[in-house]
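Colleague: I am a first-year student and would love a close look at a single part of this model. Please walk me through it in one go, and explain the terms as you need them.

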Amino acid sequence: MPFLSHGSIAHVAIMASLAAAVLLAWWWARAAVRAAAARSARVTADLAAAEDRYRQFFTDTPVALYRTSPEGRILEANKALAAMLGYATPEEAIGVNATDHHVERSQRDTFRVVLDGARAVRMRNVLLRRRDGSTFWAVDTSAAVRGGDGRVRHYEGSLVDASDQRASEERLVQAERIEAVGRLAGGIAHEYNNILTVVVATAELLAAEIPPGTEQAEMVGDIRQAGANAAALTRQLLLLSRREVASPTALPFDVVVMEAASMLRRVLGAEIRLTVDAEAGGSWVRMDRGHLEQMLSDLATHARAGMPSGGTLTVRTARVRDGVELVVTDTGLGLSAEALDHVFEPFFPARSGSRGMGLGYATCHAIVTQAGGEIAVQSAPGAGTTVRIVLPLTDPPAPARPAWVAPGGGGESVLLVEDDEAVRQVTVRVLTGLGYKVVAAADAESALETLGGRPGTFDLLFSDVVLPGMGGRELAEAARRAQPGLKVLFTSGYTNDVILQRQLLDRDAEVLPKPFTPDELASKVRAVGAAPPPP
């Protein structure tokens with residue numbers, strides 16, 4: 001039984017065992033009574049009474065029981081079997097060819113070969129078709145009954161509906177597939193994001209040096225866009241498996257939604273009218289701003305796909321009892337009931353002729369879940385689609401501290417520790433351009449030697465989490481022993497999930513995920529520098 005796990009078949013196993021026991025008891029009792037009748041005419045009345053009792057038991061037992069001819073014609077059926085196959089009474093099932101109820105007709109022929117060569121009860125998983133055409137999975141427990149010459153006279157058996165167990169197993173398999181994707185994405189993220197860091201940061205630096213409007217500027221723009229697309233795809237895969245590096249902060253919900261409106265208009269195009277009603281007041285949520293913007297973009301993309309001839313997309317926010325609510329409604333074609341059942345599965349075809357819904361709805365579900373919220377989709381063919389999201393509220397941030405240093409000035413010293421040479425070089429170039437004094441090291445041992453030779457001269461340790469030899473966490477602890485109060489910023493191509501699972505860092509550590517742009521690096525370095533020194 002390939003699709004039933006130990007945990008999911010407990011009920012089926014019990015019912016199947018009960019069915020087998022019922023069959024064996026029925027066969028043995030009937031044989032015993034008949035043997036007794038053959039020995040003495042005085043037990044004729046007892047035989048009739050016993051036959052009536054067992055016939056009543058056969059008819060009314062909740063286990064679906066049957067007897068078929070060697071050719072497959074149903075000779076006997078009880079109420080449970082008739083109901084399972086879609087017949088009003090057992091009499092309607094009598095004479096029907098059981099093979100007609102097999103979705104794959106060859107399954108019965110194959111099983112007959114097994115039964116004909118066996119001397120015991122056999123079990124199998126089988127996909128059956130009801131009288132109305134609907135299908136279901138069942139566990140079939142059967143045996144061949146032979147005559148005195150050893151030839152098969154008929155088959156007797158039972159069926160147990162295993163549809164719920166099959167559905168549970170399919171959900172488990174789907175979850176395992178998503179988990180496998182997540183493990184794969186997390187495994188390649190470190191090296192892949194190192195490469196993207198160099199591409200993205202170098203493209204940004206080139207863009208600042210090349211005059212706009214030139215062919216070279218256009219080419220650099222293509223590189224920047226390709227790097228951004230690659231980074232976005234990685235984030236989507238990692239979000240789908242809940243392994244994406246998130247940087248949640250307190251966000252003014254209405255402000256972010258309103259600022260995203262221009263982006264949504266570009267996504268929707270001129271044929272679709274966008275209406276934004278931001279009525280959540282001063283509500284704040286705690287989540288990654290990029291995730292919130294990506295979620296809005298994905299919802300707009302799906303709405304556009306559902307309105308090929310144009311329409312209206314309405315985005316509303318409101319303060320509700322459980323938090324802040326975001327409602328996105330379109331006037332499009334809507335989704336079928338089947339599509340709604342699979343709406344959060346990646347690449348499920350939502351509409352006839354479509355190639356699939358992509359990662360959009362699945363990514364939105366992951367973003368909302370990661371933020372502690374809830375998401376629901378309502379739709380019907382021809383009635384448009386409404387996505388309703390509720391996110392928990394958070395407190396607004398404390399007043400910002402003065403910036404540690406402005407780009408282009410300050411002269412603070414940064415000890416950079418990065419084992420990837422290309423990433424190390426581009427990071428030195430960016431920090432130096434921002435006005436920092438940078439000393440770079442390829443591993444923790446070299447960094448500690450540098451720190452020991454220049455005690456008290458560094459304002460910030462900027463280190464990769466995973467280094468050859470001593471890791472970033474151990475390096476930071478040793479560096480703070482050598483220079484108490486040293487501020488530390490980590491970076492990594494690994495995800496927060498992987499980092500925390502391996503206990504590479506404390507939960508409150510400051511981490512800049514790769515790939516990062518020069519602006520993101522400057523912002524994070526300033527933020528860490530402005531924070532109070534560690535105790």
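Modeller: Let's start with a word you will meet often: a residue is called buried when its relative accessible area is under 20%, exposed when it is over 50%, and partly exposed in between, using a 1.4 Å probe and protein chains only. Please keep in mind that this is a predicted model, in which local features need pLDDT of at least 70 and side-chain atom pairs count only at pLDDT 80 or more, while totals for chains, interfaces and linings use all residues. Residues are numbered from 1 along each chain as its sequence is written, and side-chain values use heavy atoms, with hydrogens and water left out.

First, a quick view of the whole. The chain has 17 helices and 17 strands; these are DSSP runs numbered from the N terminus, with helices being H or I over at least four residues and strands being E over at least two. Of the 535 residues in the chain, 44% are buried. Contact means heavy atoms within 4.5 Å. Counting contacts with a separation of 6 or more, 64% are between residues 24 or more positions apart.

Now to our chosen part, a sheet. Strands of a sheet pair through backbone hydrogen bonds, either parallel or antiparallel. Here, two strands are said to pair if DSSP finds at least two bridges between them. Our sheet is open and has five strands, in the order β14-β13-β15-β16-β17, with parallel pairing. Its edge strands are β14 (437–441) and β17 (511–513), and each of them pairs on one side only. From one strand to the next, the twist averages 20 degrees. Within the sheet, four bridges join β13 (residues 413–417) to β15 (residues 460–464) in the parallel sense. In this part of the sheet, V414 stands opposite L460 in β15.

What packs on the sheet? Helix α13 (residues 421–433) does, touching β13, β14 and β15, and its direction makes about 170 degrees with that of β14. For such angles, axes are lines fitted to C-alpha atoms (for helices, over the stretch in contact), and the angle runs from 0 to 180 degrees between N-to-C directions. Another helix, α14 (residues 444–453), lies across β13 and β14 and runs at about 155 degrees to β13.

Between β13 and α13 there is a loop, and D419 is found in it. D419 has a relative accessible area of 35%, so it counts as partly exposed. Leaving aside neighbours within four places in sequence, D419 is in contact with R424, A442, D464, V466, L467 and P468. One of these partners, V466, is 47 residues away from D419 along the chain, yet the two C-alpha atoms are separated by 8.7 Å.

Next, look for the rings. A pair of aromatic rings is described by the distance of the centres and the angle of the planes. Rings of Phe, Tyr and Trp (its six-membered ring) pair if their centres lie within 6.5 Å, and planes under 30 degrees apart count as stacked, over 60 as edge-to-face and the rest as tilted. How many aromatic pairs does a search of the whole structure find? It finds one. The pair is formed by F462 and F516, whose ring centres are 6.4 Å apart and whose planes are at 55 degrees, so the pair is tilted. The two residues are 54 residues apart and link distant parts of the chain: F462 sits in strand β15, whereas F516 sits in the loop between β17 and α17 (518–530). Both F462 and F516 are buried.

The loop that holds F516 has another feature to find. P515 also has its place between β17 and α17. A cis peptide bond joins K514 and P515, with omega at about 0 degrees.

For a contrast in pairing, glance at another region. Strand β7 (residues 272–279) and strand β9 (residues 311–320) run parallel and are joined by eight bridges; in β9, L313 is the bridge partner of L274. By contrast, β9 and β10 (residues 323–330) pair in the antiparallel sense, over eight bridges, and T329 in β10 is the bridge partner of T314. A hairpin of two residues joins β9 to β10.
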